[in-house]
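Reader: I'm new to this structure and would love a guided tour. Could you show it to me and take my questions one by one?

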Amino acid sequence: MQTEMKKKLKKTSVVLMGALSLATCFPTTGVKAANKQTLRWSEPAEMQTLDPSLVQDQVSSDVIANSNEGLYRLGKNSKVENALATSTKVSDGGLKYTFTLRKDAKWSNGDPVTAQDFVYSWRRTVNPKTASAYAYLFEGVKNASDIAANKKSYKTLGVKAVGKHKLVVTLDKKVPYFKLLLGFTVFYPQNQHAVEKYGKKYGTASKYMVYNGPFKMTGWSGSNLSWKLVKNPTYWDKKDVKLQEMTFQVTKSTNTSYNLYQSGKLDQTYLDATQARELKGKPDFVSYKQARTNYLEFNQTKKVLQNTKVRQALSYAVDRKQLVNKVLGNGSLTVTGIVSKGLTQFDGKDFSVLQDTKTGANYNLAKAKKLWQEGLKEEGVSKVSLNLLGDDSGVSKNVTEYLQSQLEQHLKGLTVTVNNVPMKTRIAKSESGDFDLVLSGWAADYSDPVSFLDMFTTDASYNNGKWSNKEYDQLIADAKGKDATDKSARMNDLVKASRLLNNDQGVAPLYQLAQASLVKTNVKGVVYNTAGVQFNWKGAYLK
């Protein structure tokens, strides 16, 4: 997902990425909770939507995951825990899942949560008319691929309700990471009455939504920079929800949020590089490592960017060590390719080691200059002007300004114009192809390399740069098809694909994100995971 949530999935010989938990349980004997259970949180970007079918960004995803609930909830270390499902039976060689649902779950409008809510939601998401960017995650569910290709009706999707409290899902092929997927927001149920009542307004503001999770959302108009999550009195497990409310404030400047934190108006704030260096080691300092790679995407409908040497030169011209150490300074890491470190291991080696080609994600100024001149000569030009699109957050502005400086300084004849806009605008411009270069990013939706690699196949919904390579497409198809149950062959496919993406410079991986933060030491019970839904506030409390 792309803090902007973007895209894809799959798993094998997976070692789930370690998660950071600020605490794990509510006070026991001798530990006193604060009288006022209000947690005040800072966000670096606006929310985009409350619609589970349309969500793409991380902020919205975390809010949806805490105000609604699916079959499973992801606990500490991405542990799959029962939520609306009380039991799961897997049969037919892993192709049939039967879920028994709890009978005491309700929507905030008083309706019971039923198996039909899942059927309706999943069908709505895969229906091409909905235009869900995450519909591809249903690949493997019976008929999902044919529905996406408009060969079959969305009503043929392999999901059905047997009575009110039994859900049966049939797969076309085994999906080893299927349970992890079910903890992701796009697989949540939706209340048909609410969708039909609110129509196009559904999910566009807190009042145009119903909730079945630990909290309800209030105060979000669809564009404002503050909102609340309040304890949901109709939630089936409300006894274990200790917070009365969470307040959220979007502060794109960490100077602003840090001042609010210092004055006691926030319980958490993100930090910039200077702040992180000064405050590292403090008892309230936390660095949230993420299974997220930020990268430079090239619009390959632009002729000059179709030239491989030009793309390679742009990548080689960026000093990534300086970027993570001096510009970011928040614990972010250099990368070896598009797949983040710590996501998956195979035969005792991290995938990031296996994918490393020593090219593509490295700084090599001599090679950058040589390839740049060769590429321009092949294109018959001596000067190039490119626009660089990014978010208007403080961190994104710092990175895009650094990239502008590096590229113009190192590549003769290049002019780079930076355009920092709100995230929603950046996503829209990326999707419509209104960019030359864009600072983008992808956060894995589950702990498997396919979650990164699948986004760059020719027809992928998140392949906004339109890079296309037949060999790459085939490798990903094999990993999800004929080699899906052969761990060794599948991993070999994925390693080859990642190396190919690197060598051809389909995109230029820049850094793996970590977010330096301060969190008040009396904040307990917040569970943080690196992939998919990141923050689980259900068990949070103030000591």
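Reader: What phi does Gly329 take just after helix 9?

Author: Helices here are DSSP runs of H or I with at least four residues, strands are runs of E with at least two, and both are numbered from the N terminus. Gly329 comes just after helix 9, and its phi is positive, at about 60°.

Reader: Before going on, what should I know about the model?

Author: This is a predicted model, in which local features need pLDDT of at least 70 and side-chain atom pairs count only at pLDDT 80 or more, while totals for chains, interfaces and linings use all residues. Residues are numbered from 1 along each chain as its sequence is written, and side-chain values use heavy atoms, leaving out hydrogens and water.

Reader: Which residues of helix 9 are buried, and which exposed residues does the face turned away from them carry?

Author: Buried means under 20% relative accessible area, exposed over 50% and partly exposed in between, with a 1.4 Å probe and protein chains only. In helix 9, residues 320–328, the buried ones are Arg320, Leu323, Val324, Val327 and Leu328. They span an arc of only 115° around the axis (taken from the directions from the helix axis to the C-beta atoms), so they lie on the same side of helix 9. The face turned away from that buried side carries the exposed Lys321 and Lys326.

Reader: What covers the buried residues of helix 9?

Author: Contact here means heavy atoms within 4.5 Å. By that rule, the cover includes strand 19 (507–519), helix 7 (273–279), helix 8 (308–316) and helix 12 (394–410).

Reader: Which residue stands opposite Thr293 in strand 19?

Author: Two strands pair if DSSP finds at least two bridges between them. Strand 13 (residues 285–298) and strand 19 pair in the antiparallel sense over 10 bridges. Strand 13 is also mostly covered, with 12 of its 14 residues buried. Opposite Thr293 in strand 19 stands Gln512.

Reader: And which residue stands opposite Arg292 in strand 18?

Author: Strand 18 (residues 437–443) pairs with strand 13 in the antiparallel sense, over seven bridges. Opposite Arg292 stands Ala443.

Reader: Which strands stand at the edges of the open sheet of four strands?

Author: The order in this sheet is 5-6-8-7, with antiparallel pairing. Each edge strand has a single partner strand, so one of its sides is left without a neighbour in the sheet. The edge strands are strand 5 (85–91) and strand 7 (159–161).
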